[in-house]
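Colleague: Could you walk me through a structure, feature by feature? I would like to practise reading one with you.

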Amino acid sequence: QVQLVESGGGLVQPGGSLKLSCAASGSIFRIPVMRWYRQAPGKQREFVAVITTGDSINYADSVKGRFTISRDNAKNTVYLQMNSLKPEDTAVYYCNAVAAPAPGHTQNNYWGHGTQVTVSS
């Protein structure tokens, strides 16, 4: 099994920065895709960014130019550097990964439990 644990959330002022981390642990063979999503109260979960093992990267239009996704494959960790934060960025941020726990094992979609990001003065 694979577990995803997010960290780095907290309270930050508008215009500030925050860096989120998501560490995958457990039995891991490969993680071809890692994503960040976010969800504000009363709103649908929203795609934020994605990165593949080939370092193909895409961002939601709302965060382009402000957020940067990266990964450390050796550590099975994905990061989300968030700059120029706005109040509308306030949400629970979730890590999502497509992962295979062993060679030949069926890949599964895993979710972390989320980390709260609050942007407020």
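Colleague: Let me start with a single residue: does Asn76 count as buried, partly exposed or exposed, and what is its relative accessibility?

Modeller: A word of caution to begin with: this is a predicted model. To read exposure, we compare the relative accessible area with two cut-offs, under 20% for buried and over 50% for exposed, with partly exposed in between. Asn76 has a relative accessibility of 23%, so it counts as partly exposed. Asn76 belongs to the loop that links S7 and S8.

Colleague: What is the phi of Asn76, and what is its sign?

Modeller: Phi there is near 50°, a positive value, and the residue is not a glycine. Asp55 is another case: its phi is positive, about 65°, and it is not a glycine either. Asp55 sits in the loop between strand S5 (46-52) and S6. With a relative accessibility of 48%, Asp55 counts as partly exposed.

Colleague: And a charged loop residue: is Arg66 buried or exposed?

Modeller: Arg66 is in the loop between strand S6 (57-59) and strand S7 (67-72). Its relative accessibility is 10%, and because the cut-off for buried is under 20%, Arg66 counts as buried. Its contacts, leaving aside neighbours within four places in sequence, are with Gln81, Met82, Asn83, Ser84, Leu85, Lys86 and Asp89.

Colleague: Let's step back to the whole chain. How many helices and strands does it have?

Modeller: The protein chain has zero helices and 11 strands. Is it as compact as a globular protein of its length? The radius of gyration is 14 Å, close to the 14 Å from the globule rule for 121 residues, so the answer is that it is. The C-alpha trace spans about 50 × 25 × 25 Å along its principal axes.

Colleague: What share of the residues is buried, and what share of contacts joins residues at least 24 apart?

Modeller: Of the 121 residues, 41% count as buried. Among contacts between residues at least 6 apart in sequence, 55% join residues at least 24 apart. As for the surface, the accessible area of the chain is about 6200 Å², and carbon and sulfur atoms account for 47% of that.

Colleague: How many positive and negative side chains are there?

Modeller: There are 11 positive and 7 negative side chains, and the centres of the two sets are 3 Å apart.

Colleague: Now the strands. How do I read the two faces of one?

Modeller: In a regular strand, side chains alternate between the two faces of the sheet. Strand S11 (residues 115-119) shows the alternation: Thr115, Val117 and Val119 point to one face and are buried, whereas Gln116 and Thr118 point to the other and are not.

Colleague: In which sense does S11 pair with strand S2 (residues 10-12), parallel or antiparallel?

Modeller: S2 and S11 pair in the parallel sense, over three bridges. One register point to check is Gly10, whose bridge partner in S11 is Val117. S11 is also joined to S9, by three bridges, and those two run antiparallel. Here Ala91 has Val117 as its bridge partner, and Tyr93 stands opposite Thr115.

Colleague: Why is S9 described as largely enclosed by the rest of the structure?

Modeller: Because nine of its 10 residues are buried. Follow its pairings too: eight bridges join S9 to strand S4 (residues 30-39) in the antiparallel sense, with Arg35 bridging to Asn96. S9 also pairs antiparallel with strand S10 (residues 108-111) over four bridges, and Ala99 stands opposite Asn108 there.

Colleague: Which residues does Ala100 touch?

Modeller: Ala100 is in strand S9 (residues 91-100). It is buried, with a relative accessible area of 3%. Not counting residues up to four places away in sequence, Ala100 touches Ile28, Phe29, Arg30, His105 and Gln107.

Colleague: One more set of pairings, please: how many bridges join strand S1 (residues 2-7) to strand S3 (residues 18-26)?

Modeller: Six, and the two strands run antiparallel. Leu4 has Ala24 in S3 as its bridge partner. S3 in turn pairs with strand S8 (residues 77-82) in the antiparallel sense over six bridges, and Leu20 stands opposite Leu80 in S8.

Methods. Residues numbered from 1 in each chain as written. Predicted model: local features only at pLDDT ≥ 70, side-chain atom pairs only at ≥ 80, totals over all residues. Heavy atoms only, no water. Buried < 20%, exposed > 50% of the residue type's maximum accessible area, 1.4 Å probe, protein only. Contact = heavy atoms within 4.5 Å. Rg over C-alpha atoms; globule rule 2.2 N^0.38 Å. Areas by Shrake-Rupley, 256 points an atom, 1.4 Å probe, with all protein chains shown as cover. Lys, Arg positive; Asp, Glu negative; His and termini not counted. Charge placed at Lys NZ, Arg CZ, Asp CG, Glu CD. Pairing = 2+ DSSP bridges.
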